[in-house]
Amino acid sequence: MTNPAPALVVSDGQRAALEVLSKSQTASHREVQRAQVLLMAAEGLANESIAKVAGTSPGTVRSWRARFAEDGLSHLGEVRAGRGRKPVIPQSKIDEIVDLTRNSRPEGQTHWSVRTMAAKVGVSPAQVQRIWAARGLKPHLVDTFKLSNDPRFEEKLIDVVGLYLNPPEKAIVLCMDEKSSIQALDRTQPSLPMKKGRAETMTHDYKRNGTTTLFAALDVATGKVIGSCLPKHRHEEFLVFLKTINKEVPQGLDVHLILDNYATHKHPDVKAWLANNPRFQLHFTPTSSSWLNLVERWFRELTDKALRRGAFHSVPDLIHKIEEYLAAHNTEPKPLVWTATADSILKKVARGRVALETIKQN
């Protein structure tokens, strides 16, 4: 038999560090296991006994002891060069997959899938997925965007964002827009209720029962919404809604109205009414910049929670459901808080323009 190895020489500071690491619940398993092995070696236990307790081999125990004697705690959790699992796919193949993903498309298709890429380069779909995930590549997704070509983009942006971040005193800031042509859609068959193992069902086809237009103005400070359903969205209906806002907002407060550049909002009759009601001040968002109007976010909530899965037998039924949602929302309103500064948005827009110019040049 071979003689047992002598007890590992460990300083008091090293022992204290190893004891903390051996009981850690956040360190890696490799580090915890090595700390436990080294502590047992410091107690003078035989390598074979340590290996049985730690679930490793005597050779591994001897290797860890030797490395600790040489390097101390400085490289405790590291795997030496040349050890560990070897890469299955060569780096050249990985580079090829990344290059194809970013700079090409499969024939007759708009984007790569893990299976089409795997068939192209001769690896498994799982390997393609791991390579994409490690590099944040998602060819199956596409984000939409559009840069505004409004010559007064910066001026309008600063104006609107200024109202969000620094609203004027003795005034109310309202985000206003129309959600036009909301369809009263009824399903061709009754929906089946949700039950265990099955979601609620609805038919894919529908019957059209007419449309309505929702005029809505979101109070930026409180989150309350002034809303009214009207049959059309002409300047006549817009004037009706302006008069509704005028009644709802207490006298003595100026009304700063954020809205888009729809021609209805600039009709001569509208301008004449505004001239007679000077407390109203209109602030127009840049063209192609509906994302700057907070009421659009509220419209999305309305669609998701009250319209998309609804069944409406008539236009009055649709209007009733919209008004019902509006009343419930105003019972416990929550403001939508704008945080982005005009400078941060302008920097993003500048980067977007540079990227577009680069693509055009190439």
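Before we meet the residues, one cut-off is handy: a residue counts as buried under 20% relative accessible area, as exposed over 50%, and as partly exposed in between. R234, with a relative accessible area of 39%, is therefore partly exposed. Keep in mind that what you're looking at is a predicted model.

Let's zoom out for a moment. The protein chain splits into three pieces: domain 1 covers 12–71, domain 2 covers 91–135, and domain 3 covers 152–352. If you take the C-alpha centres of domain 2 and domain 3, you'll find them 43 Å apart.

Now for the charged pairs. Side chains of opposite charge can pair when their charged atoms come close. Searching the whole structure turns up twelve salt bridges, and a few of them make good stops on the way.

Start with E43 and R15, whose side chains form a salt bridge at 3.2 Å, N to O. This pair ties together distant parts of the chain, with the two positions 28 residues apart: R15 sits in helix α1 (residues 12–22), while E43 belongs to the loop between α2 (29–42) and α3 (47–54). As for accessibility, E43 has a relative accessible area of 56%, so it is exposed. R15 comes in at 24%, which makes it partly exposed.

Next stop: K156 and D150. Their side chains meet in a salt bridge too, at 2.9 Å from N to O. How accessible are the two partners? K156 is buried because its relative accessibility is 11%, and D150 is buried as well, with a relative accessible area of 10%.

Back to R234, then. Its side chain forms a salt bridge with that of E237, at 2.7 Å, N to O. Unlike partly exposed R234, E237 is buried, at 8% relative accessible area. There's a third member here: through salt bridges that share partners, R234, E236 and E237 become one network.

Let's finish with a residue outside the charged pairs. Where does P106 sit? You'll find P106 in the loop between α5 (91–103) and α6 (114–121). Its relative accessible area is 8%, so P106 is buried. Leaving aside residues up to four places away in sequence, P106 touches H111 and W112. K120 is 14 residues from P106 along the chain, and the C-alpha atoms of P106 and K120 are separated by 8.7 Å.

Technical notes
Residues are numbered from 1 along each chain as its sequence is written. This is a predicted model: local features need pLDDT of at least 70, side-chain atom pairs count only at pLDDT 80 or more; totals for chains, interfaces and linings use all residues. Side-chain values use heavy atoms; hydrogens and water are left out. Domain bounds come from an automatic or database domain assignment. A salt bridge is a side-chain nitrogen of Lys or Arg within 4 Å of a carboxyl oxygen of Asp or Glu. Helices (H or I, at least four residues) and strands (E, at least two) are DSSP runs, numbered from the N terminus. Buried means under 20% relative accessible area, exposed over 50%, partly exposed in between (1.4 Å probe, protein chains only). Contact means heavy atoms within 4.5 Å.
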